[in-house]
Amino acid sequence: MALLPSLPELVTGLEDLCLQVLGLTALQALLALFLVRVIWNFLGVSQFVADALQGYVFPPAVTVEAKEAEQRRGTSSMKGRKFDYEAEWSKWPKTSIPCWDPTTSEFLGEVPAQGKAEIEAMVGRARKAQQIWKKSSFAQRRHLLRTIHRFVLENMDTICTVACRDSGKTVIDAMVGELTVTLEKLRWTAASGEQYLLPEYRDSGLMNLHKTSRLEWEPVGVVGAIVPWNYPFHNVFNPMVAAVFSGNAIVIKVSEFSAWSSDYLGRAIRACLEAAGAPGDLVQLATGYSE
């Protein structure tokens with residue numbers, strides 16, 4: 001007499017149980033469980049619960065007051081000064097950078113041309129901020145990225161306007177080429193970044209069977225980025241996302257041909273850092289010439 005049921009009997013019993021409890025066949029129940037798991041992982045439910053237990057539930061709203069020129073597209077209703085690149089650029093004092101709208105030649109003002117001393121001071125402040133931030137949990141880093149993500153979503157119009165006025169691109173180019181890709185990087189890094197920064201065990205080889213090998217990722221400190229002019233928003237936020245999520249600080253030198261937007265972007269970044277409880281000097285934007 002068999003003590004255990006045969007395989008056909010187990011399958012039949014499981015089929016009957018699924019039909020009685022769920023009203024589904026065993027195969028349908030298995031597919032349903034698989035689908036639930038996929039949706040669960042896609043929505044990041046486990047991650048949300050783990051972050052919530054650490055006090056990071058929903059990202060806060062961040063408000064940054066935009067100046068008149070940062071909200072207006074096209075020329076001003078008032079007759080403003082035009083910037084003549086051919087006549088003025090080469091003669092402009094190297095203590096500041098002239099800024100203008102490439103589509104209208106409207107003069108937007110000037111920003112400081114920072115030198116070695118200013119940059120070294122920035123790096124010093126960033127290094128102090130990084131000493132604090134490197135101890136942050138992945139939950140807090142995700143909270144920062146989600147705070148930035150929310151800010152971008154709620155301020156898309158202003159961000160597009162600033163990017164367009166500084167680079168001369170169209171609104172659709174700014175929306176697709178700058179905002180969409182930045183939002184996706186923020187989403188992906190918050191959802192999947194941690195798994196690629198966790199310690200990894202490696203094969204030690206036959207001669208080291210008595211040992212284990214582990215690879216650990218450590219923040220490097222202060223990251224430096226020199227970015228071009230063509231995507232003023234994305235070129236700033238792209239390196240920033242990877243740097244802060246991996247526990248680093250970053251100093252970003254923007255192009256002298258898209259320095260105007262650094263004022264708004266710098267205010268936005270600092271506001272998001274402070275709202276998420278991160279050091280305000282963790283991310284800093286530098287303006288200057290190529291020299």
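A crossover is right-handed if, with the strands pointing away from the viewer, the path from the first strand over the helix to the second runs clockwise. The exercises below use this term for a predicted model.

**Exercise 1. Strand 6 and its neighbours**

Task: Find which strands pair with strand 6 and in which sense, and state the hand of the units that connect them.

Solution.
Step 1. Begin with strand 5 (residues 222-226), which runs parallel to strand 6 and is joined to it by 5 bridges. Within this pairing, V223 has I250 of strand 6 as its bridge partner.
Step 2. Follow the chain between these two strands. Strand 5, helix 10 (residues 234-245) and strand 6 form a β-α-β unit, and the unit is right-handed.
Step 3. Turn to strand 7 (residues 283-287). Strand 7 also pairs with strand 6 in the parallel sense, over 5 bridges. Here I250 stands opposite V283.
Step 4. Follow the chain onward from strand 6. The path goes through helix 11 (residues 261-275) to strand 7, and this β-α-β crossover is right-handed.

**Exercise 2. The two faces of strand 6**

Task: Sort the residues of strand 6 by the way they point, and decide whether they are buried or exposed.

Solution.
Step 1. In a regular strand, side chains alternate between the two faces of the sheet.
Step 2. Apply this to strand 6: A249, V251 and K253 point one way, while I250, I252 and V254 point the other way.
Step 3. Compare with the cut-off for buried, which is under 20% relative accessible area. All of the residues just named are buried.
Step 4. Because 6 of the 6 residues of strand 6 (residues 249-254) are buried, this strand is largely enclosed by the rest of the structure.

**Exercise 3. Cysteines without a bond**

Task: Explain why C272 has no disulfide partner.

Solution.
Step 1. The structure holds 0 disulfides.
Step 2. A disulfide needs two cysteine sulfur atoms within 2.5 Å.
Step 3. For C272, the closest cysteine sulfur is in C160, 16 Å away, so the two are too far apart for a bond.
Step 4. Check the surroundings of C272 as well: its relative accessible area is 2%, and it is therefore buried. Another cysteine, C18, is buried too, at 10%.

**Exercise 4. Salt bridges, buried and partly exposed**

Task: Take three of the 19 salt bridges in the structure and describe where their residues lie.

Solution.
Step 1. Take E106 and R165, whose closest N and O atoms are 2.6 Å apart. This pair links distant parts of the chain: E106 sits in the loop between strand 1 (96-100) and strand 2 (107-112), and R165 sits in helix 8 (residues 156-167), 59 residues apart.
Step 2. Look up the accessibility of this pair. E106 is buried at 10% relative accessible area, and R165 is buried at 2%.
Step 3. Ask what else joins this pair. E106 and R165 belong to a network of salt bridges that also links E68, R72 and D101.
Step 4. Take E178 and K169, which meet in a salt bridge at 2.8 Å, N to O. E178 is buried, with a relative accessible area of 0%, and K169 counts as buried at 11%.
Step 5. Take R267 and D263, with closest N and O atoms 2.8 Å apart. Both lie in helix 11, 4 residues apart, about one turn of the helix. R267 is partly exposed at 24% relative accessible area, and D263 counts as partly exposed at 30%.

How values were computed
Residues are numbered from 1 along each chain as its sequence is written. This is a predicted model: local features need pLDDT of at least 70, side-chain atom pairs count only at pLDDT 80 or more; totals for chains, interfaces and linings use all residues. Side-chain values use heavy atoms; hydrogens and water are left out. Buried means under 20% relative accessible area, exposed over 50%, partly exposed in between (1.4 Å probe, protein chains only). Two strands pair if DSSP finds at least two bridges between them. A salt bridge is a side-chain nitrogen of Lys or Arg within 4 Å of a carboxyl oxygen of Asp or Glu.
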